[in-house]
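Visitor: Hi, I have a structure open on my screen and I'd like to go through it slowly. Could you walk me through it?

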Amino acid sequence: MNKLINFEKLKNKKVLVTGGLGFVGHNLVRTLVNQYHCDVMVVDDCSNSKPSILGDLTNKVRFYNISVLDKKAMAPLLAEANYIYHLACKQISVSSSDPFGHLAVNGQSTLEILEYLRHNDLPDFERFIYTSSCSIYGSSMRLPSHEESSKNILSNYSATKLLGEHFVEVYFRNYGLPVSTIRYSNVYGYGQTPNNPYCGVLGKFIHNALDKKPLMIFGDGEQTRDYTFITDAVEATILAAIHPMALGEVFNIGTSTETSVSQLAAMIGEIIPDIQIQYLPERDIDNVRRRSIDIEKIHQRLGWTPKTTIRKGIAETINWYRDTYF
Ligand SMILES: NC(=O)c1ccc[n+]([C@@H]2O[C@H](COP(=O)([O-])OP(=O)(O)OC[C@H]3O[C@@H](n4cnc5c(N)ncnc54)[C@H](O)[C@@H]3O)[C@@H](O)[C@H]2O)c1
């Protein structure tokens, strides 16, 4: 690991995590509390999650059931935070049905937080981390997509995630706010609750396989994605906050490995016998054929490399589902 990293920086700090009950959010909160002993403020309006996800962390964090769009309620929390992780979002699966919701939560809330940080004197504030998405590369012709690759916006979700990125860049360049942006690629793993309609493909596949229900493949199953295990995503997210070379930068977080949906099903089938597959027509959100993400920048600058292969990640996720639901 790079010598520039000072993990002590995070210890006992006040950290605000928006969307902190979400899939990535609650895993990040767990690491911040258990590993770094941070005083964590969790903001979530419970629109896509439940406070019970915090489990044994419930008494170790301060939970605020508020919207990130509630400026009055957000202000004192923003004023207190040393680090702000902005993860609250509307999911891609409701991209076409709720375009204004996407604009508000993914775009406007980001601008409102940045405006607050710009206009207030906050001597203890250290960094704002914006979580964007590799979906902004859309159907790139050249793979793997690197940070400067052309963007190919195919959904309201991606449009508003990129809008948030642009705001972050403006506030870094024009007002010198300490910010970092990370672009996740298909994160999977512990805590992706299957009863949540927006749960990712891997969570749904594993749950159905254990439940002896068919794995539903939309389209021919040859569409590929770059799947990132949750612990790797959380580690990179933490680095983005504390590494000096992450300041003002944008980083892809992925693995550079392409895996098709059919391959996912086959890998699950190697662990859970007798899986059944049901093919269904493609949905409007299935318009990206292939995805693979270049992670050379984060590797070179922050010394981060994903540690979990897709096979290992699937095995760990299956164990988690077995222990939690079956
Ligand atoms: N999971 C992935 O594969 C992935 C991929 C790319 C980018 N991302 C980004 O990472 C971040 C976290 O994603 P996730 O998978 O954990 O999503 P998630 O849906 O599990 O979590 C988002 C959380 O935000 C909350 N939320 C929604 N609107 C809110 C509002 N107005 N105020 C407060 N809270 C609100 C939801 O209740 C939910 O708990 C998001 O910014 C997302 O765009 C995730």
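Guide: We will go through the sheet, then some helix pairs, then a short strand and one residue at the start of the chain. Please keep in mind that this is a predicted model.

Visitor: Okay, the sheet first. How many strands form it, and in what order?
Guide: The open sheet is formed by 7 strands, which follow the order β3-β2-β1-β4-β5-β6-β11, and their pairing is parallel. At the edges are β3 (62–64) and β11 (250–253), each of which pairs on one side only. From one strand to the next, the twist averages 20 degrees.

Visitor: Can we zoom in on β4 and β5? How many bridges are there?
Guide: Strand β4, residues 83–86, pairs with strand β5, residues 127–133, in the parallel sense over 4 bridges. If you look for Y85, you will find that it stands opposite I129 in β5.

Visitor: And which strands does helix α2 touch?
Guide: Helix α2, made of residues 71–80, packs on the sheet and touches β1 (14–18), β2 (39–43), β3 and β4, while its direction makes about 140 degrees with that of β1.

Visitor: What about α2 and α3, at what angle do they cross?
Guide: The axes of α2 and helix α3, which covers residues 99–119, come within 11 Å and cross at roughly 50 degrees. That angle is why α2 counts as oblique to α3, and the crossing is right-handed. The contact is made by K71, A75 and L78 on the α2 side, together with E112, I113, Y116 and L117 on the α3 side. Sorted by kind, the residues of this contact are 5 nonpolar, no polar and 2 charged.

Visitor: Now α1 and α6. Why is that pair called roughly perpendicular?
Guide: Helix α1 (residues 23–34) and helix α6 (residues 230–242) have axes that come within 10 Å and cross at roughly 65 degrees. Angles of 65 to 115 degrees count as roughly perpendicular, so α1 is described as roughly perpendicular to α6.

Visitor: Which residues make the contact there?
Guide: From α1 they are V24, N27, L28 and T31, and from α6 they are I230, A233, V234, T237 and I238. In this contact of α1 with α6, 6 residues are nonpolar, 3 are polar and none is charged.

Visitor: One more pair: is the crossing of α5 and α9 left-handed or right-handed?
Guide: The crossing of α5 and α9 is right-handed. Here L202, I206, H207 and L210 of α5 meet T317, I318, Y321, R322 and Y325 of α9, and these residues divide into 6 nonpolar, 2 polar and 1 charged.

Visitor: Changing topic, which side chains of β8 are buried?
Guide: Along strand β8, residues 215–218, L215 and I217 are buried and point to one face, whereas M216 and F218 point to the other face and are not buried. As a general rule, side chains in a regular strand alternate between the two faces of the sheet. Strand β8 is also joined by 4 bridges to strand β13 (residues 277–280), and the two run parallel. Within that pair, M216 stands opposite Q278 in β13.

Visitor: Last one, N6: where is it, and is it buried or exposed?
Guide: You will find N6 in the segment before β1. It has 11 C-beta neighbours inside 10 Å, and therefore N6 counts as exposed, since the cut-off for exposed is 12 or fewer. If you compare N6 with L143, they are 137 residues apart in sequence and 33 Å apart in space, taken from C-alpha to C-alpha.

Note on methods:
Residues are numbered from 1 along each chain as its sequence is written. This is a predicted model: local features need pLDDT of at least 70, side-chain atom pairs count only at pLDDT 80 or more; totals for chains, interfaces and linings use all residues. A residue is buried if 20 or more other C-beta atoms lie within 10 Å of its own, exposed if 12 or fewer, and partly exposed in between; C-beta atoms are placed from the backbone. Two strands pair if DSSP finds at least two bridges between them. Axes are lines fitted to C-alpha atoms, for helices over the stretch in contact, and angles run from 0 to 180 degrees between N-to-C directions. Two residues are in contact if their C-beta atoms, placed from the backbone, lie within 7 Å. Angles under 35 degrees count as roughly parallel, over 145 as roughly antiparallel, 65 to 115 as roughly perpendicular and the rest as oblique. Ala, Val, Leu, Ile, Met, Phe, Trp, Tyr, Cys and Pro count as nonpolar, Asp, Glu, Lys and Arg as charged, and the others, Gly among them, as polar. A crossing is left-handed if the near helix is turned anticlockwise from the far one by less than a right angle, and right-handed if clockwise.
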